[in-house]
Amino acid sequence: MQQLYYLTDEQRAVRDLVREIAREKIAPVAAYYDETESYPEEIMKLLAQQGLMGIWVPEAYGGTGMGALAVSLVAEELAWACAATATNWGATPLGGYPIVLAGTEEQKRRYLPRLAGGEILAAYSLSEPGAGSDAAALQTTAVRKGDRYILNGTKLWCSNGSNAGVITLFATVDRSKGAKGITAFLVEPGFPGFAVGKKEKKMGIRASPTVAFHLQDCEVPVENRLGAEGEGFKIAMRTLDFTRPMTGATAVGVAQAALDAAIGYAKERKQFNQPIAAFQGIQFMLADMAMQVHGARLMVHHVASLVDRGALASILEASMAKCFAADAAMHVATDAVQIFGGVGYTREFPVERYMRDAKIMQIYEGTNQIQRMVIAQQLLGMR
Ligand code: COS
């Protein structure tokens, strides 16, 4: 395991706590939750009991305000055991961080303490059937009528959306204005006209429910608008700048798990009268895998540390870390399956799950093609 000299005692303590929970409580049941596509309720409760839901919430609102690097450490350790649990856990900072960014004092007091305590979870709802990579093309409308907004439309791909007590949901007050019409709302599942739609049947992270929402004349009180009308797109993007490193960390966790499994198997498995680890072909694969994990982790930690030092989350480095780590996870998990050979392709071993889980990391929170577009635009001074 890498020596991370730059971690504070507090960050080390939270990492070690989550590592212990992940290894003892989560890893043994991860295959069960994957196989049954069920929600790991008990695990989520345990994470809340251990005070882990509020590490991103400022202390003034009941959290421990530990910052982006701590969030990344937790995401990595959870993902080492179960990427779906890491996604379920990460949906709350993703859905709740916009409140920290743009919430009124009243909104912060209403939601953040409950999120910090794990009393409710949050989710983030940007995507739609016709607006995936092109997020600014969203069509869900919000029309103000007195002290309410009336929302109509369909949202897609919301991680942990069926378990959230508050959803940061993006709609447009004026389609003709494109990104400048997009407005953020704090929607509660009990609001009239709000319904959770179909749950997706997915290749990976199967213990993390991904759902659609249907808004039919959904009534949202004006006090639940987050930021001003038209500010929603920037809130959405600045949130992703904060959470893309966390997604990168989730990918690092999967990659580390795949590498650990491959090392263990290569030392045990004998062919041609020796462990396959004795073959240079396998050694070179392991060395390349380890370099990918190491590099990805350092990129994630670097951008998370920038955020913690008060720098605006770097758009360039957030995209780089997310993209590099997700590609690393896919590469390392694929090679881990290869090292296991035939049994790696079966459900007897977890590496096939790692490979299925790694794939989503190249897709969610902005595809890796979108990340490359953002990186190139930053390099070329086009943004
Ligand atoms: N941080 C802050 N502001 C940002 C920003 C960022 N990362 N990215 C864009 N903006 C701002 C721009 O500065 C611009 O503001 P001005 O008009 O005041 O200059 C505004 O937002 C619109 O930006 P732009 O014109 O670049 O938007 P585009 O429609 O071209 O799209 C991309 C930008 C492609 C980057 C965006 O749509 C995206 O990230 N897509 C992927 C969506 C995604 O990640 N979905 C996953 C859902 S969450 S699981």
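The exercises below, each with a worked solution, concern salt bridges, a surface patch, the ligand shell and backbone angles.

The model is predicted, with local features requiring pLDDT of at least 70 and side-chain atom pairs counting only at pLDDT 80 or more, while totals for chains, interfaces and linings use all residues. Residues are numbered from 1 along each chain as its sequence is written, and side-chain values use heavy atoms, with hydrogens and water left out.

**Exercise 1.** Determine which elements are linked by the salt bridge between E77 and R23, and classify the accessibility of each partner.

*Solution.* Begin with the criterion: a salt bridge is a side-chain nitrogen of Lys or Arg within 4 Å of a carboxyl oxygen of Asp or Glu. Under this rule the count comes to 17 salt bridges. For E77 and R23, the closest N and O atoms are 4.0 Å apart.

Next, locate the partners among the elements, where helices (H or I, at least four residues) and strands (E, at least two) are DSSP runs numbered from the N terminus. E77 belongs to helix α3 (residues 68-81) and R23 to helix α1 (residues 9-36), so that the pair links distant parts of the chain, 54 residues apart.

Finally, apply the accessibility classes, in which buried means under 20% relative accessible area, exposed over 50%, and partly exposed in between (1.4 Å probe, protein chains only). E77 is buried at 3% relative accessibility, whereas R23, with a relative accessible area of 32%, is partly exposed.

**Exercise 2.** Set the salt bridge of E219 and R148 beside that of R356 and E352, giving for each pair the N to O distance, the sequence separation and the accessibility.

*Solution.* First take E219 and R148, whose side chains meet at 3.6 Å, N to O. Because E219 is in strand β7 (residues 210-221) and R148 is in strand β3 (residues 148-159), the pair ties together parts that are 71 residues apart in sequence. E219 is partly exposed at 29% relative accessible area, and R148 is likewise partly exposed at 28%.

Then take R356 and E352, for which the N to O distance is 2.8 Å. Both residues lie in helix α9 (residues 351-361), 4 residues apart, which is about one turn of the helix. R356 is buried at 14% relative accessibility, and E352 is buried at 15%. R356 and E352 also belong to a network of salt bridges that links them with D34, E37 and R206.

**Exercise 3.** Describe the surroundings of the ligand, from individual contacts to the shell as a whole.

*Solution.* Start with proximity, counting a residue as near if one of its heavy atoms lies within 4 Å of the molecule. There are 21 residues around the ligand, of which S133, K180, K234, R244 and R383 come nearest.

Continue with polar contacts, which are pairs of N or O atoms within 3.5 Å. A polar side-chain atom of K180 is 2.6 Å from a ligand oxygen atom, and a polar side-chain atom of D241 is 3.0 Å from a ligand nitrogen atom. The backbone takes part at G366, where an N or O atom lies 3.1 Å from an oxygen atom of the ligand.

Now turn to the area, obtained by the Shrake-Rupley method with a 1.4 Å probe. The ligand taken alone exposes 1000 Å², and the protein buries 72% of that.

Close with the composition of the shell. The elements giving two or more residues are α6 (232-268) and α10, and α6 gives the most, with 7 residues. By class the shell has 10 nonpolar, 4 polar and 7 charged residues, where Ala, Val, Leu, Ile, Met, Phe, Trp, Tyr, Cys and Pro count as nonpolar, Asp, Glu, Lys and Arg as charged, and the others, Gly among them, as polar.

**Exercise 4.** Examine the phi angles of F272 and E365, and state where each residue lies and whether it is buried or exposed.

*Solution.* The point of reference is that most residues other than glycine have a negative phi. For F272, phi is near 55°, a positive value in a residue other than glycine. F272 is placed in the loop between β9 (270-271) and β10 (274-275), and at 71% relative accessibility it counts as exposed.

For E365, phi is near 55°, again a positive value in a residue other than glycine. E365 is found in the loop between α9 and α10, and at 15% relative accessibility E365 counts as buried.

**Exercise 5.** Identify the residues of the nonpolar surface patch that includes M382, and place M382 itself.

*Solution.* Patches are made of residues with over 30% relative accessible area and no salt bridge, with like charges joined within 9 Å and nonpolar side chains (Val, Leu, Ile, Met, Phe, Trp, Tyr) within 5 Å. The patch consists of L379, L380 and M382, which together have about 380 Å² of accessible area. M382 is in the segment after α10 (368-379), and M382 counts as exposed at 58% relative accessibility.

Methods: Polar contact = N/O pair within 3.5 Å; in protein donor to acceptor, adjacent residues only side chain to side chain.
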